Amino acid sequence: MKKIYQGKTKDVFDLENGKYLLKFKDDVTGENGVFDPGANTVGLTMEGAGEAGLKLTKFFFEKINAQGIATHFVDADIANRTMTVLPATVFGEGVEVICRYRAVGSFLRRYGKYIKEGDSLNAYVEVTLKDDDRNDPLITDSALEMLGVMDKNEYKILEDMTKKIAKIVKDELAKKGLELYDIKFEFGRIGDDKHIALIDEISGGNMRAYKDGKYIEPLELERLMLE
C-alpha cells in the first residue's frame, strides 16, 4: 500500500489491487480555529472528527447507492477510519459542487447586499474550482467548457445528480428534526465507460445543518444522525 496523496482531511493510498483507500483525519476546514465547510484551509483539529466523518459518509453513501446513483464507495472500516473506493478521474484538477437551501457562508458574503442570512435558495447549485491559491473560484458552465474541464452536458449531469443527492441527505436530516442549509460534493469519472459518480465523502465537514435555527457542529451532527 502506497500513499499517493495527502489531503486536508484525508490521505489517499493505492491498494495496488485496482482500488484506493481513504484514511480519514481529525482535521477539519475553517479559519482562525472556526469550522467552515467552505474554507480551503485546515482551520482546526477536532478529536473524533475522522471517525464521525467516516460513519456519516458510510451511512449516506449506502443510502445513495441504494437509490441507484453511482458513487465510488466500496466499503468502510470504522475502527481504522478507512474507506475503500473505486479509482476516479476528477474534472480538471478537481471541482466542488455546492447545493444551497439557505443563504449562509460564502454565498451570503458575496451577495449579502441582495439577500438576508437564512433566506431560502431552493436548492441553488453552483460550482467552484479546487484551487487553494485562488480561493476556490466560482465558475460557470460556459467557462468550464471553454477551459476543457467538462462540457455542458456533463455540467447538467452534475447539477441533476447534486440535487438528487442533496435531497436524500436533506430528507434523512429532516427525520431527525434537522435542516440542511448547504452541502458540497465532489464528482469524478469511474469505470471503463468513464461514467460520472459521486466521490470523496458526505459528512458534517462538508455541510451545514441546523436544529431550531442553531448550527450543529460536525461531531454533534454525527451523534444526532446515528444515535
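Which strands does helix 1 (residues 49–66) lie across? To find out, select residues 49–66 in this predicted model, and then add strand 3 (20–24), strand 7 and strand 8, since these are the strands that helix 1 lies across. Relative to strand 7, helix 1 runs at about 145 degrees.

**The sheet beside helix 1**

Next, colour the strands of the open sheet, which has 5 strands in the order 1-2-3-8-7, with antiparallel pairing. Follow that order from one side to the other, and you begin and end at the edge strands, strand 1 (2–6) and strand 7 (73–77), each of which pairs on one side only. If you look along the sheet, neighbouring strands are turned by 25 degrees against each other on average, with direction ignored.

Stay with strand 7 and select strand 8 (residues 82–85) as well: the two run antiparallel and are joined by 4 bridges. To see one pair of bridge partners, pick Ala 76 and then Met 83, its partner in strand 8.

**The two domains**

Now step back and give separate colours to domain 1 (2–88) and domain 2 (92–217), as the domain assignment of the protein chain has them. The C-alpha centres of these two domains lie 17 Å apart. Where the domains meet, 30 residues of domain 1 are in contact with 32 residues of domain 2. The size of an interface is often given as the accessible area lost when the parts come together. Between domain 1 and domain 2, the buried area is about 2,300 Å², and carbon and sulfur atoms give 62% of that area.

**Ser 120 in strand 11**

Move on to strand 11 (residues 120–129), and select Ser 120, which has its place in that strand. Is Ser 120 buried or exposed? Its relative accessibility is 55%, so Ser 120 counts as exposed. If you then show what surrounds this residue, leaving aside the neighbours within four places in sequence, you will find Ser 120 in contact with Tyr 101 and Arg 102. Add Arg 100 to the view as well, for although Ser 120 and Arg 100 are 20 residues apart in sequence, they are 8.5 Å apart in space, taken from C-alpha to C-alpha.

**Helix 5**

For the last stop, select helix 5 (residues 218–226) and show the side chains of its buried residues, which are Pro 218, Leu 221, Glu 222, Leu 224 and Met 225. Turn the view until you look down the axis of helix 5: the buried residues fall within an arc of 170 degrees, and therefore they line one face of the helix.

Definitions and conventions: Residues are numbered from 1 along each chain as its sequence is written. This is a predicted model: local features need pLDDT of at least 70, side-chain atom pairs count only at pLDDT 80 or more; totals for chains, interfaces and linings use all residues. Side-chain values use heavy atoms; hydrogens and water are left out. Two strands pair if DSSP finds at least two bridges between them. Axes are lines fitted to C-alpha atoms, for helices over the stretch in contact, and angles run from 0 to 180 degrees between N-to-C directions. Contact means heavy atoms within 4.5 Å. Buried means under 20% relative accessible area, exposed over 50%, partly exposed in between (1.4 Å probe, protein chains only). The arc is that of the directions from the helix axis to the C-beta atoms. Domain bounds come from an automatic or database domain assignment. Buried area is the accessible area (1.4 Å probe) that two parts lose on being put together, summed over both.
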